[in-house]
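The following note is addressed to a colleague who is meeting this structure for the first time. Its points are numbered for ease of reference.

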Amino acid sequence: MKTYWVAYQIALQETLQRRSTLIMDRLGGFAVVVSLYSFWIALIGNKATFLGYTRAEMLTYVLALNILRSFVFTGRGWQLVGEISTGKISSYLVRPLSYQGYALALDLAQKTVHVAAAFFEVGLLALLVRGGLFLPSDPATWILFGVAVLLSSLLFFFLEFMVSSLAFWTSESGGPLFCFELFLQFAAGAFFPLDVLPLALRRALEATPFPYMVYFPVRIFLEKVSPVEALRILGMEALWLAAVYAAAMTVWRRGVRSYAAEGG
Amino acid sequence: MTTLRKYWRIWLRTASMAMQAQLTYRLGSFGFLLGKMIRLFFFFAFMAAVFSHVETVAGYSLIETALFFMTFNLVDMTAQILFRGVYGARRTVSEGDFDFYLVQPCSPLFRMTCSSVDFLDIITIIPVIVMTGMVFARLPPLGWQSCVAYGLLMVNGVALIYAIHVLVAALAVRTQELESAIWIYRDVMFMGKFPVDVYAPAVRWALTVGVPIAVMTTFPAKALLGRLSAAWIIYAFALTAAALPLSWLFWRDSVARYTSSSS
Amino acid sequence: MAAAIETKGLTKDYRSPLKEPGLWGGVKSLFDRQYKDTRAVDGVSFQIEEGELVGFLGANGAGKTTTLKMLSGLLTPTAGSATALGHVPWKRESDFQRSISLVMGQRSQLWWEIPAYETFKLNQAIYGLSEADFREHLDELVELLDLGEHLSVPVKKLSLGQRMRAELAAALLHRPRLLLLDEPTIGLDVIMQKKVREFVKVYNKRYGATIMLTSHNMTDVVELCKRVIVIEKGRLLYDGPLDRLVERYADHKILRARFTTPVDPADLKILGAVIKYEDSTITLEVPRAQMAASAAALLRSYPVADLNVEEVAIDDIVRRLFTHG
């Protein structure tokens with residue numbers, strides 16, 4: 001456990017030291033959020049709601065999105081792909097350490113910094129933009145949302161880990177990961193609430209783990225689902241997490257084996 | 001003329017070498033291609049879905065919004081085909097490839113910008129051109145002046161993007177870091193997917209005058225639809241005319257300060 | 001004969017921001033950044049005639065690579081002047097660039113994933129070589145460097161030695177008149193080192209090319225260079241024939257003696273510095289002037305079976321220059 005704590009601290013310092021990178025990352029993410037928000041506001045125009053979302057709810061959706069991007073979508077996939085392609089991965093495999101645990105510790109450090117920055121930005125935007133935020137009054141909603149986000153974050157981590165592990169076979173390339181990340185952003189609802197899609201397409205997406213990462217948690221936060229429904233969503237999400245975790249570990253083990261067989 | 005032919009030859013050779021190198025990672029390349037197609041498809045599906053709920057966005061119809069989106073893609077992808085090498089500028093510098101560029105009789109800036117032509121970009125731009133053609137077919141009849149303005153403003157947009165890439169490349173040569181400079185450009189560029197009119201007035205100004213994303217992506221389509229005044233068209237060309245020499249000056253100054261990474 | 005290279009007071013400073021520790025230091029340096037100038041090359045002047053093959057020696061960080069980078073036009077000096085083949089290198093005129101080449105042992109211009117031949121074709125386009133010239137030059141290099149079938153294999157599959165030879169071929173396709181070699185044999189095994197050395201010698205002879213070479217491998221220097229330039233902390237320390245360097249800095253000789261019965265090496269300290277004692281054989285380092293006396297004393301007081309006196313090996317001298325200087 002101590003090893004991972006040390007890894008976390010080192011990664012935290014490193015993230016803080018590379019300030020210019022951090023600032024640029026944040027600015028870039030912020031630009032995306034601003035443009036999405038602007039687009040949605042233009043859609044609402046002077047109507048009261050659009051797709052059942054009021055202005056305040058839309059703003060909240062976009063701001064929650066900014067925080068979720070920082071907390072959920074920050075895996076170590078590209079690092080893993082890089083370490084497989086340069087062969088650096090071998091040096092971890094011989095050490096008495098779980099690579100997943102190590103990567104999770106690094107990821108957590110990244111999340112710490114980015115979530116802090118995201119809250120700062122959200123606070124700033126909430127002040128600047130008219131219309132007000134939607135903040136749920138029922139403490140149960142906050143708890144449900146918190147649990148959902150925690151599960152989402154792990155779900156993303158292992159899903160990304162699984163896809164990145166494919167680099168063991170794909171001749172050292174991030175192609176699958178790139179593809180996965182683009183698909184994920186749309187399917188998770190990180191660009192737009194899935195309500196905009198035709199019903200059939202939405203149903204199809206809801207049968208995948210993707211909407212559990214952004215769309216469902218935000219709907220819980222906005223109290224668009226009943227408490228019972230929220231619990232059902234959390235249950236499904238936990239099941240998905242278990243399945244993805246098992247699959248990721250299987251892919252990882254096979255990957256390591258085939259990697260070792262080729263002699264690195 | 002001979003210089004032009006020489007640079008054309010070098011570009012072709014580099015492009016073919018990059019393609020051969022990429023093809024050694026067949027599955028990976030396929031993933032990237034698929035990813036790009038998915039992004040395009042989803043965005044289109046998204047637009048179509050949005051317009052099943054509303055008539056217009058910021059005063060633009062579905063087909064007009066599609067025109068903005070397709071124009072964005074055309075400009076953005078052309079720039080990527082031509083200038084992708086800048087994405088790896090920091091690596092080019094830190095791994096010493098830039099040393100070779102400087103010693104050889106060919107503009108190092110040219111070598112840097114075209115050092116990683118991605119043939120997948122060239123493949124992906126084909127459906128974009130086809131889709132743009134389909135959008136054009138659905139627009140009301142256009143005067144030839146609008147079409148000329150559209151074409152010229154697109155070229156102008158690509159030139160402006162070039163100036164930004166030169167700036168980023170110069171920063172990489174100067175500081176040997178700032179890798180993320182190009183990514184912030186990519187993210188801010190995202191704002192160009194929508195017609196600039198959807199943004200709040202302050203943001204709109206920032207995108208037109210500050211970080212001129214709007215000039216690169218929104219102006220051509222606006223001119224085509226006859227919604228851009230002559231003054232703004234002149235502004236767009238003047239901006240590029242100023243930005244290009246400035247970026248070149250900055251580049252030259254950065255190369256003179258180049259310290260080469262120690263081996 | 002015209003000088004191929006001429007430098008006068010060539011100087012290069014590197015400027016680096018001073019980093020203060022801690023978060024506050026980091027924030028402070030955002031606004032008020034302090035710089036530190038490090039002088040890598042300090043007023044170096046020398047002249048090299050056309051067709052010469054000169055060794056450029058110095059410890060790590062002495063400024064060798066920086067000097068070569070200035071002479072090839074990569075870096076702009078802080079002060080001083082230089083001409084190479086009649087050009088100011090850092091103006092990077094295309095005539096100049098077409099007649100020089102810089103080879104760095106730790107760097108590669110070859111594309112990793114594809115055969116070296118592709119990079120050669122790219123260089124053909126860059127240097128504007130006609131098809132006939134390209135063929136002729138390439139055939140010659142392939143023969144001299146024994147490259148043969150290696151050209152059609154992806155570079156990443158080549159051994160280090162094969163890659164270095166392909167690297168040389170890529171750098172010499174345009175047949176440069178001035179060649180700057182930075183550690184060309186680094187990391188190679190002994191046989192490959194020899195091959196590269198022989199090639200450098202032939203290239204110098206056959207085309208009358210001027211070559212400046214840095215190496216940590218003293219065999220390279222001893223076998224290739226009649227003249228050496230030594231720099232130390234950026235300053236010129238020695239410029240002249242290699243033999244004279246030995247005379248000037250080798251104030252010691254080596255005395256080696258084998259005894260019939262073991263002796264206590266501690267007793268021999270008065271005769272000179274003991275370098276080694278094993279199998280009843282002693283190796284001593286003795287100042288030149290004292291050599292006769294020490295040898296006589298040894299013969300007089302010890303059971304000597306065999307005795308000989310040698311010059312200090314050239315690598316030792318150079319190595320010592322770098323470590324003590």
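1. The model under review is a predicted one. A convenient place to begin is C:Ser294, a residue of helix α10 of chain C, the helix that covers residues 291-301.

2. Is C:Ser294 buried or exposed? Its relative accessibility is 2%, and the limit for a buried residue is under 20%; C:Ser294 therefore counts as buried. Leaving aside residues up to four places away in sequence, C:Ser294 touches C:Leu271 and C:Val286.

3. Strand β12 of chain C comprises residues 281-287. This strand is mostly covered, as five of its seven residues are buried. In a regular strand, side chains alternate between the two faces of the sheet.

4. Which strands pair with β12(C)? One of them is β10 of chain C, residues 252-259, which is joined to β12(C) in the antiparallel sense over seven bridges. Within this part of the chain, C:Arg258 stands opposite C:Thr281 of β12(C).

5. Strand β11 of chain C, residues 273-278, also runs antiparallel to β12(C), and five bridges join the two. C:Val274 has C:Leu284 of β12(C) as its bridge partner.

6. The connection between β11(C) and β12(C) deserves a separate remark. These two strands form a hairpin with two residues between them. In the turn, C:Asp279 has a positive phi of about 50 degrees.

7. Attention now passes to chain B. Its secondary structure comes to 12 helices and zero strands, and the pattern read along the sequence is accordingly one of α elements throughout, α-α-α-α-α-α-α-α-α-α-α-α.

8. How does the radius of gyration of chain B stand against the value for a compact globule? For 263 residues, such a globule would have a radius near 18 Å; chain B has 20 Å, which agrees. The C-alpha trace of chain B spans about 60 × 45 × 35 Å along its principal axes.

9. As to the interior of chain B, 57% of its 263 residues count as buried. Of the contacts in chain B between residues at least 6 apart in sequence, 80% join residues at least 24 apart.

10. The surface that chain B exposes amounts to about 11000 Å², of which carbon and sulfur atoms supply 69%. Chain B carries 20 positive and 13 negative charges, and the mean positions of these two groups are 7 Å apart.

Definitions and conventions. Residues numbered from 1 in each chain as written. Chains lettered and ligands numbered in written order. Predicted model: local features only at pLDDT ≥ 70, side-chain atom pairs only at ≥ 80, totals over all residues. Heavy atoms only, no water. Buried < 20%, exposed > 50% of the residue type's maximum accessible area, 1.4 Å probe, protein only. Helix = DSSP H or I, 4+ residues; strand = E, 2+ residues; numbered from the N terminus. Pairing = 2+ DSSP bridges. Contact = heavy atoms within 4.5 Å. Rg over C-alpha atoms; globule rule 2.2 N^0.38 Å. Areas by Shrake-Rupley, 256 points an atom, 1.4 Å probe, with all protein chains shown as cover. Lys, Arg positive; Asp, Glu negative; His and termini not counted. Charge placed at Lys NZ, Arg CZ, Asp CG, Glu CD.
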